[in-house]
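Open your viewer and get the selection tool ready. We will go stop by stop.

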Amino acid sequence: MDLQQTDVISGLPAPVAVTFLRHFKGGGISFAWKPLLPEGHGSDRDALTRLEADGYVELVEEHQAGAIYQTTTDGNAVANHRWTKRITRKTADRLLTEAIARAEAFNADDTRATIIARVRVFGSYLNPEKDRLGDLDLGLDVRFRRPYDRDEAFVYAQDTGVLYADSLVDHEAWLRAEAAKTVRGRSRSISPTNENPARLNGPWRDEYVFDGLHLLPEVAQHGAAHLGW
């Protein structure tokens with residue numbers, strides 16, 4: 001997502017909105033007595049009400065202690081943004097080639113729990129008039145190779161170092177995170193998401209499709225279906 005430091009999102013300065021929304025990726029709780037927003041930016045609940053109205057978060061559950069919200073596709077696009085040095089189109093081309101190569105190597109490793117079924121590019125990269133880009137936005141269609149249960153997913157995520165303890169809603173995100181981490185590699189200029197960019201307002205393009213996509217077992221489809229691919 002091509003954000004500027006001076007942009008405003010639902011009444012919040014873009015840098016504040018990015019940090020705030022990251023708390024709600026995969027589900028995060030807003031406590032009335034423990035504000036997340038810095039002083040001077042209003043209450044968390046007021047900000048969440050605006051962000052919900054603008055389509056960046058959705059309410060999952062209300063509790064006495066607070067409310068659980070999770071980011072939408074648009075919210076994830078903001079939360080995934082990194083304030084990195086702008087890159088040239090030539091650099092973005094190289095990063096895309098390297099990311100696809102890492103996806104292919106990931107899929108060739110049968111010890112992985114998931115398959116990267118598709119890689120879609122979207123955002124400013126697809127605007128031919130832009131030579132300086134904020135980052136390279138990639139949408140990943142991640143599916144599961146085999147059946148698994150929650151305990152197995154937890155152990156696998158711990159062993160591979162992708163367990164996010166603050167994910168309150170979707171434990172499958174622990175497994176999908178491994179694919180995103182692999183595709184990103186060491187580049188801070190690649191911004192992968194498991195959301196389908198076709199659900200965003202803007203162009204997108206398939207850059208990679210797994211050759212054995214049609215051979216994946218039906219049980220492996222539920223992760224992709226859950227994400228709206």
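This tour visits a sheet, a helix beside it and several salt bridges.

**Before you start.** The model is predicted, so local features need pLDDT of at least 70, side-chain atom pairs count only at pLDDT 80 or more, and totals for chains, interfaces and linings use all residues. Residues are numbered from 1 along each chain as its sequence is written, and side-chain values use heavy atoms, with hydrogens and water left out.

**Stop 1: the sheet.** Select β10, β9, β7 and β11. Helices (H or I, at least four residues) and strands (E, at least two) are DSSP runs, numbered from the N terminus. These four strands form an open sheet in the order β10-β9-β7-β11, with mixed pairing. Two strands pair if DSSP finds at least two bridges between them. Which strands stand at the edges? They are β10 (190-193) and β11 (204-209). Each has a single partner strand, so one side of each is left without a neighbour in the sheet. On average, neighbouring strands here are turned by 30 degrees against each other, direction ignored.

**Stop 2: the helix on the sheet.** Now add α4, residues 89-108. This helix packs on the sheet and touches β7 (114-122), β9, β10 and β11. Contact means heavy atoms within 4.5 Å. The direction of α4 makes about 165 degrees with that of β7. Axes are lines fitted to C-alpha atoms, for helices over the stretch in contact, and angles run from 0 to 180 degrees between N-to-C directions.

**Stop 3: along β9.** β9 and β10 run parallel, joined by four bridges. Find Gly-139, which stands opposite Thr-193 in β10. Then select Arg-143, in strand β9 (residues 136-144). Is Arg-143 buried or exposed? Arg-143 is buried, at 10% relative accessible area. Buried means under 20%, exposed over 50%, partly exposed in between (1.4 Å probe, protein chains only).

**Stop 4: salt bridges.** A salt bridge is a side-chain nitrogen of Lys or Arg within 4 Å of a carboxyl oxygen of Asp or Glu. The count comes to 10.

- Glu-62 and Arg-45: their closest N and O atoms are 3.8 Å apart. The pair links strand β4 (residues 57-62) with helix α2 (residues 44-53), 17 residues apart.
- Arg-94 and Glu-98: this salt bridge has its closest N and O atoms 3.2 Å apart. Both residues lie in α4, about one turn apart.
- Glu-207 and Arg-205: these side chains meet at 2.6 Å, N to O.

Finish with Asp-109, Arg-112 and Glu-178, joined into one network by salt bridges that share partners.
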